[in-house]
Amino acid sequence: MHILEIKNLHAKIENKEILKGINLTIKSGEVHVIMGPNGVGKSTLSHVIMGNPNYEITEGNILLDGVDITHMQTDERARRGLFLSFQNPPEIEGVTTADFLKASVATKEGESFKMLSFAREVDTYMKRLVMKKEFLTRPLNEGFSGGEKKKMEILSLYMLKPNVAILDEIDSGLDVDSLKIVGEHIKAYQEEQKAGILLITHYQRLLSYIQPDFVHIFLDGSIKKTGDATLVEQIEQNGYDNFKKA
Ligand SMILES: Nc1ncnc2c1ncn2[C@@H]1O[C@H](COP(=O)(O)OP(=O)(O)O)[C@@H](O)[C@H]1O
Ligand SMILES: [Mg+2]
């Protein structure tokens with residue numbers, strides 16, 4: 001059983017307070033969804049959880065399995081089982097997809113890393129995701145289509161096997177077929193690993209593949225309401241206005 005606890009988290013960037021007291025607990029096997037308008041701080045929250053040094057935490061803390069990780073380096077958080085899929089996956093010139101995956105997995109596994117089992121797993125998961133082998137020798141994400149970048153994120157997820165995964169708008173810019181693949185694989189991963197999942201999304205569509213246990217409405221730097229999947233329908237129909245008044 002793994003648990004990520006976020007307690008009264010406040011953070012700022014460029015002297016502007018973006019996160020204004022976030023409380024959120026994610027346990028193994030739970031699927032949480034954060035929905036909210038643009039610019040309210042959803043991506044900021046995911047960056048702060050992962051330890052992006054551009055943000056300053058001014059109050060509160062983050063615990064993973066009871067250990068305070070609030071000020072730990074990103075790679076240490078990853079070793080402890082946290083994973084973030086970026087809203088805009090970076091293109092990395094000069095680093096092939098294979099090198100990137102190998103470095104990430106080797107960092108996470110340390111001395112127990114084995115090249116042979118790594119290679120086997122990459123092969124298995126790429127087949128599952130219907131990804132061509134040539135991606136391995138291409139520079140990471142360079143010239144990948146939107147759908148290919150997101151599949152790459154799912155491949156990283158499978159390879160790194162995090163206990164808690166944060167997926168920031170993993171469904172944005174996907175056509176219906178790619179969305180189905182991505183949605184079904186997140187679900188498969190979550191069930192296989194009994195992982196805790198935090199999905200940040202604008203759309204109900206992804207949630208037809210992976211059903212949320214908790215839906216959080218995020219407005220102006222904090223979670224204004226938490227409920228079940230029925231909240232998603234309310235948002236689809238009426239937008240966020242009703243929650244702003246509350
Ligand atoms: N580097 C930065 N400097 C100043 N403001 C920033 C920076 N990065 C993000 N912000 C601001 O933080 C707010 C929240 O952004 P973000 O977390 O990306 O929102 P969301 O993901 O909910 O759309 C926005 O107003 C954005 O302009
Ligand atoms: Mg965002």
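# Close-up views of the predicted model

**View 1. A backbone N or O atom of Gly39 lies 2.7 Å from an oxygen atom of ligand 1.** The model shown in this and the following views is predicted. Two further polar contacts to ligand 1 are given here. In one, a polar backbone atom of Gly41 is placed 3.0 Å from an oxygen atom of the ligand. In the other, an N or O atom in the side chain of Lys16 stands 3.2 Å from a ligand oxygen atom. Ligand 1 on its own would expose 570 Å², and the protein buries 64% of that area.

**View 2. Twelve residues of mixed class form the shell around ligand 1.** Ile13, Glu14, Lys16 and Ile18 belong to this shell, as do Pro37, Asn38, Gly39 and Val40. Gly41, Lys42, Ser43 and Thr44 complete the surroundings of the ligand. Sorted by class, the shell comprises four nonpolar, five polar and three charged residues. Strand E2 (16-27) and helix H1 (42-50) each contribute at least two residues to the shell. The greatest contribution comes from H1, which supplies three residues.

**View 3. Ser43 and Gln87 coordinate the magnesium ion, ligand 2.** The donor atoms are OG of Ser43 and OE1 of Gln87, at 2.0 to 2.3 Å from the ion. Ser43 lies in helix H1 and Gln87 in the loop between strand E6 (82-85) and helix H3 (97-109), so the two residues tie together parts that are 44 residues apart in sequence. Ser43 is also one of the residues surrounding ligand 1. Gln87 has a relative accessible area of 26% and is therefore partly exposed, a class that spans the range between under 20% for buried and over 50% for exposed residues.

**View 4. Strands E2, E1, E4 and E5 form an open antiparallel sheet in that order.** E2 and E5 are the edge strands, each pairing on one side only. Strands of a sheet pair through backbone hydrogen bonds, in either a parallel or an antiparallel sense. Within this sheet, E1 (residues 3-13) runs antiparallel to E4 (residues 56-64), and seven bridges join the two strands. Leu4 has Leu64 of E4 as its bridge partner. Two bridges connect E4 to strand E5 (residues 67-68), again in the antiparallel sense. Here Leu64 stands opposite Val67 of E5. The hairpin of E4 and E5 has two residues between its strands, and in this hairpin Asp65 adopts a positive phi near 50 degrees.

**View 5. Asn15 and Asn141 each have a positive phi near 65 degrees.** Most residues other than glycine have a negative phi. Asn15 is located in the loop between E1 and E2, whereas Asn141 is found in the loop between helix H4 (115-128) and helix H5 (146-160). The accessibility of the two residues falls into opposite classes. Asn15 is exposed, because its relative accessible area is 68% and the exposed class begins over 50%. Asn141 counts as buried, because its relative accessibility is 2% and buried residues are those under 20%.

**View 6. Strand E3 (residues 31-35) is mostly covered, with five of its five residues buried.** Val31, Val33 and Met35 point one way from E3, while His32 and Ile34 point the other way. The residues of both groups are buried. E3 pairs in the parallel sense with strand E8 (residues 196-200), over four bridges. In that pairing, His32 has Leu198 of E8 as its bridge partner. Strand E9 (residues 214-219) likewise runs parallel to E3 and is joined to E3 by four bridges. The bridge partner of Val33 in E9 is Val215.

How values were computed:
Residues numbered from 1 in each chain as written. Chains lettered and ligands numbered in written order. Predicted model: local features only at pLDDT ≥ 70, side-chain atom pairs only at ≥ 80, totals over all residues. Heavy atoms only, no water. Near = heavy atom within 4 Å. Polar contact = N/O pair within 3.5 Å; in protein donor to acceptor, adjacent residues only side chain to side chain. Areas by Shrake-Rupley, 256 points an atom, 1.4 Å probe, with all protein chains shown as cover. Nonpolar A, V, L, I, M, F, W, Y, C, P; charged D, E, K, R; others polar. Donors = N, O, S within 2.8 Å, 3.2 Å for Na, K, Ca; no water. Buried < 20%, exposed > 50% of the residue type's maximum accessible area, 1.4 Å probe, protein only. Pairing = 2+ DSSP bridges.
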